[in-house]
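Please open the model in a viewer and keep the sequence panel visible. The tour below proceeds by selection, with a description of what is found at each stop.

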Amino acid sequence: MTTKPRNYSWRKLCPDPWPAIWLWVFLVNIILGFITPESFTLMFIRIGGIVLCLIYTIYLFPKDHLLQLAMLVTVSADIILAVDNVAEAGVIVFIIAQVIHFSRLKSTHSAPIILIFSLFSLAIIILNYIFRFITPMYVLSFFYVVAIITNLILSLLWHRSNPDNPRALFAIIGFTLFLCCDIFTGISYLSFTEQIPTFFYVPANFFAWFFYYPSQICISNSSKLKPQA
């Protein structure tokens, strides 16, 4: 007997007025990103948009505490990097957020992998801080990218096992956009530290947020739990 795919309502997937709010924040981000890319107002709106994603997860997925925690940690990382956009602490907090996402997206057999990855990453980061083998930011960035790619793979596996669930598709799109954001974040860092021409800094920051905000909207819709009725 063939199981028919569910008929998901986009209104139920993204209830009003959230799509309009997200669109407004995204458009303001783009417009002010062109006009005043270094303004406090722009940064306040950007972080406020991520806070709204956190509020959305609390509203729509009140029982998904891991998703809420991951979004809260993400907001914390954004605040740290808003104060100092090359702060290593900000990247460390982002790694923690990715590990939390890893925990909620995992299969029943991947719990040991999370523990091994977390302990191995922590050991390498601590050893590098002590012995300074490599610039710490490069080590942190490596584990961060590995964590995002892992979450993207887990999202793909989730979609393969449940292809009719649009929230799995949200996860795939979200982590793909997140990865695109981090490519431009890397360019921004290299430009800021004058390892590549400095004129790349402003456009790289613009495109980093161009991808980052939609990624968080999608990820905030990627819960494995049922939304609030």
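Select Gly33, Pro37, Leu42, Arg46, Val202, Asn205 and Phe206: together these residues line the largest cavity of this predicted model. The space enclosed there amounts to about 30 Å³, and the structure holds one cavity of 30 Å³ or more.

Next, colour the selection by residue class. Four of the lining residues are nonpolar, two are polar and one is charged.

Now display the helices around the cavity. Both α3 (40–60) and α9 (201–220) contribute at least two residues to the lining. Which helix gives the most to the lining of the largest cavity? It is α9, with three residues.

For the second stop, move to helix α7, which spans residues 136–161, and select Asn151 within that helix. Is Asn151 buried or exposed? With a relative accessible area of 0%, Asn151 falls under the 20% limit and is therefore buried.

Keep Asn151 selected and show its surroundings. Beyond the neighbours within four places in sequence, Asn151 is in contact with Gln98, His101, Phe102, Leu105 and Phe175.

Of these partners, select Phe102 and display its backbone atoms. The backbone nitrogen of Phe102 lies 3.2 Å from a polar atom of the Asn151 side chain. To view this pair, show the side chain of Asn151 together with the main chain of Phe102, and draw the distance from the nitrogen to the polar atom.

Conventions
Residues are numbered from 1 along each chain as its sequence is written. This is a predicted model: local features need pLDDT of at least 70, side-chain atom pairs count only at pLDDT 80 or more; totals for chains, interfaces and linings use all residues. Side-chain values use heavy atoms; hydrogens and water are left out. Helices (H or I, at least four residues) and strands (E, at least two) are DSSP runs, numbered from the N terminus. Buried means under 20% relative accessible area, exposed over 50%, partly exposed in between (1.4 Å probe, protein chains only). A polar contact is a pair of N or O atoms within 3.5 Å; within protein, one must be able to donate a hydrogen and the other to accept it, and residues adjacent in sequence count only if both atoms are side-chain atoms. Contact means heavy atoms within 4.5 Å. On a 1 Å grid over the protein atoms alone, a cavity is a set of points where a 1.4 Å probe fits but cannot get out, and a pocket is an open set with protein on both sides within 12 Å along at least five of seven lines; lining residues have an atom within 4 Å of a point. Grid points are joined across faces, edges and corners, and a volume is the space filled by probe spheres set on the points. Ala, Val, Leu, Ile, Met, Phe, Trp, Tyr, Cys and Pro count as nonpolar, Asp, Glu, Lys and Arg as charged, and the others, Gly among them, as polar.
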